[in-house]
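Trainee: Could you take me through one part of this structure slowly? I'd like to see how a single piece sits among its neighbours.

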Amino acid sequence: MELLLAAIGGCTAVDVDYITSRRAEPIEFSVEVTGDKIRDETGGNRMENLTVAFTVMFPAGEDGDKAREALPRALQQSHDRLCTVSRTVELGTPVSTSVAAGSHED
């Protein structure tokens, strides 16, 4: 659960930082990802209510203004098409499991 949240936050943060820091380096840049672990109707564990919250501050001045202006678009681009992790979770990609050859004793 914690690794999933970290992967979503890390992926989105890399996208947003890449886009905004080309305009100005942030003074503060933090990401908090939260969600609720539940047991669903089938008895399986999963997460819901996943939220990614950014706290970002840029320096005063023209470059900081450009970065602030780019921030909402960067967040939207990461969500809509750039972050492979959150897009995979949202679209519900099936996961298969198997035992690799040679990984158990005969």
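What follows is a close look at one helix and its surroundings.

Trainee: Which residues of H2 are buried, and what covers them?

Mentor: Sure, and keep in mind that we're looking at a predicted model. Helix H2 runs over residues 62-82, and its buried residues are Gly64, Ala67, Ala70, Leu71, Ala74, Gln77 and Ser78. What covers them includes H1 and strand E2, which spans 45-57.

Now zoom in on Leu71. Leaving aside residues up to four places away in sequence, Leu71 touches Val16, Thr20, Val56 and Phe58. There's also a kink of about 35° at Leu71, shortly before the proline Pro72.

Leu71 belongs to something bigger, too: the largest nonpolar core, which has 8 residues in all. Its other members are Val16, Ile19, Ala24, Val56, Phe58, Ala67 and Ala74. Two helices, H1 (2-20) and H2, each give two or more residues to this core. The largest share, 3 residues, comes from H2.

While we're at strand E2, have a look at its Phe54, which sits in an aromatic pair with Phe29 of strand E1 (residues 28-39). A search of the whole structure turns up 1 such pair. The two rings meet edge-to-face, 5.8 Å centre to centre, with 80° between the planes. Along the chain, Phe29 and Phe54 are 25 residues apart, so the pair links distant parts of it. As for Phe29, it counts as partly exposed because its relative accessibility is 27%, and the buried class stops under 20%.

Technical notes
Residues numbered from 1 in each chain as written. Predicted model: local features only at pLDDT ≥ 70, side-chain atom pairs only at ≥ 80, totals over all residues. Heavy atoms only, no water. Core = buried A, V, L, I, M, F, W, Y, C linked by side-chain atoms within 4.5 Å. Buried < 20%, exposed > 50% of the residue type's maximum accessible area, 1.4 Å probe, protein only. Helix = DSSP H or I, 4+ residues; strand = E, 2+ residues; numbered from the N terminus. Contact = heavy atoms within 4.5 Å. Bend = angle between axes of the 7 residues up to and from the residue. Phe/Tyr/Trp six-rings, centres within 6.5 Å; stacked < 30°, edge-to-face > 60°.
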